[in-house]
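Me: I should like to go through this protein by question and answer. Please show the sequence and the structure before we begin.

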Amino acid sequence: PPKTEEKPAAKHNAPAKAVAKQICGMCEVELAVLSCEKCSDVFCEECDQDMHTGSAKYHKRVKIGGGGEGGAMGSASPAKKKPPTCGMCEVEPASKHCPKCDDYFCEECDSDMHTGSAKYHK
């Protein structure tokens, strides 16, 4: 007689599309809402805003957990919005934006960066 292949019995009846909640990889406290492939990590809105300054602001981030459209992300919700971090030192809050550089700067970095011909950036 031909052999029949037995399929293992299901161990539990979990929903087919269960989405596990992920914790932010940076603060390790808040629920992650964005995933960044380039960083290979997930972030809550506040940490995403802190992490993705300077050249990292161009990383493509995708919303986690369906609900809404994916795609590039970069702005936090208006309720939690805080000033961006300086794109040069990546520590101090930015107080100036230079459209020519397309970056944000704290007072000290702005004066360091905008010398010579760059002092004419508006």
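Me: How many contacts beyond four places in sequence does the model have for residues 1–17?

Reply: This is a predicted model, in which local features need pLDDT of at least 70, side-chain atom pairs count only at pLDDT 80 or more, and totals for chains, interfaces and linings use all residues. Residues are numbered from 1 along each chain as its sequence is written, and side-chain values use heavy atoms, with hydrogens and water left out. The pLDDT (the predictor's confidence in each residue, from 0 to 100) stays under 50 over residues 1–17. Counting a contact as heavy atoms within 4.5 Å, the number for this stretch beyond four places in sequence is 0.

Me: How many contacts does the stretch 67–79 have beyond near neighbours in sequence?

Reply: Over residues 67–79 the pLDDT is also below 50. Where pLDDT is low, the predicted coordinates should not be read in detail. In the model, the contacts of residues 67–79 beyond near neighbours in sequence number 16.

Me: In which strand is confidence highest?

Reply: Strands (E, at least two residues) are DSSP runs, numbered from the N terminus. Confidence is lowest in strand β5 (residues 103–105), at a mean of 83. The highest value, 92, belongs to residues 61–63, which form strand β3.

Me: Is Ala32 buried or exposed?

Reply: Ala32 lies in the segment before β1 (34–36). Leaving aside neighbours within four places in sequence, Ala32 is in contact with several residues, among them Ile23, Phe43 and Ile64. Its relative accessible area is 7%; since buried means under 20%, exposed over 50% and partly exposed in between (1.4 Å probe, protein chains only), Ala32 is buried.

Key
Helix = DSSP H or I, 4+ residues; strand = E, 2+ residues; numbered from the N terminus.
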